[in-house]
Amino acid sequence: MAQRGFFITLEGGEGSGKSTQVPVIADFLRQRGFEVVCTREPGGTKLAEQIRSVLLTRDPDEDLCDTSELLLMYAARAQLVETLIKPSLAQGKVVLSDRFDLSTIAYQGAGRGIALETIAALRQVAIGEFAPDLTLVFDVPVAVGMARMRSRGKADRIEQAGAAFFERIRTCFRDYALSHPETVALIDATPDIATVSAAVEQVITARCLSKE
Ligand code: Z5A
């Protein structure tokens, strides 16, 4: 039977540069002989991508309420975990996901103010105890991230929230990383792309590859 692969998630606020790092990490791991599957949240499968478009497109006639937003995040996550992530890990592949469950704690929990107990109850229904082997939290000051995003153009529905919302999210990501040092690494994402890549590769080498 194939050895189980490992699951790495990339998390952080707007413009933290995590999406830029996904193909860099994938290349780094492929060069070391791993089969790598890259995905994202919300989305990553045909049906989960349909949920993503409901989540990220602002409907001028009807606001998505916070509870619906939370339920749709978990509907998309259940679909992604069951149909893509678990089967890929069972085949011995490495899965890289641009965002995962920690984004729900940060955005719906710290950002929208939904109780962590509510989030934990839904997580249990959607994915049970399933969790990443390693989470990389990309940290940049909110103003730096926003400036990077502005240079990219139009904001989606969630990105239209105010600066205080994004400050709460950044604090949540940082606090979570510092309080879960065994499974989460905090990456300073302010320097240039190559410097951030080098820091990430060092963490992956130490946490995942040295156990091979
Ligand atoms: N969301 C949620 O609320 N709850 C959940 O449970 C989940 C998600 C899973 C998904 O949006 C939204 O869903 C997200 C959270 C919410 N919303 N918000 N707001 P998305 O997938 O469309 O986008 P994103 O994940 O928020 O961000 P992104 O667009 O993928 O950007 P990024 O990963 O933070 O950064 P990037 O695309 O790699 O880089 C942004 C720009 O900066 C780009 O021009 C790069 O070239 C540049 N860049 C990158 N790195 C650097 C460095 N190091 N220096 C300088 N410039 C850089």
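In this predicted model, the ligand is surrounded by 31 residues, of which Glu 14, Lys 18, Ser 19, Thr 20 and Thr 104 come nearest. By character, the residues of this shell divide into 11 nonpolar, nine polar and 11 charged.

Backbone atoms of the protein also meet the ligand. A polar backbone atom of Ser 16 is 3.0 Å from an oxygen atom of the ligand. Nitrogen atoms of the ligand come into play as well: one lies 2.8 Å from a backbone N or O atom of Pro 191, and a polar backbone atom of Ile 193 is 3.5 Å from a ligand nitrogen. On its own the ligand has 1100 Å² of accessible area, and the protein covers 86% of it. Two or more residues of the shell come from each of helix H1 (18-30), helix H2 (46-56), helix H3 (66-90), H4 and helix H6 (142-150). The greatest contribution is that of H4, with four residues.

Helix H4 also leads to the sheet. Spanning residues 101-111, H4 lies across E1 and strand E4 (134-139) and runs at about 20° to E1. The open sheet itself is built from five strands with parallel pairing, in the order E2-E3-E1-E4-E5. Strand E2 (36-40) and strand E5 (184-188) stand at its edges with a single partner strand each, so one side of each has no neighbour in the sheet. On average, and with direction ignored, neighbouring strands are turned by 20° against each other.

Within the sheet, strand E1 (residues 7-12) pairs in the parallel sense with strand E3 (residues 94-98) over four bridges. Here, Ile 8 stands opposite Leu 96 in E3.

Technical notes
Residues numbered from 1 in each chain as written. Predicted model: local features only at pLDDT ≥ 70, side-chain atom pairs only at ≥ 80, totals over all residues. Heavy atoms only, no water. Pairing = 2+ DSSP bridges. Axes fitted to C-alpha atoms, helices over the stretch in contact; angles between N-to-C directions. Contact = heavy atoms within 4.5 Å. Near = heavy atom within 4 Å. Polar contact = N/O pair within 3.5 Å; in protein donor to acceptor, adjacent residues only side chain to side chain. Areas by Shrake-Rupley, 256 points an atom, 1.4 Å probe, with all protein chains shown as cover. Nonpolar A, V, L, I, M, F, W, Y, C, P; charged D, E, K, R; others polar.
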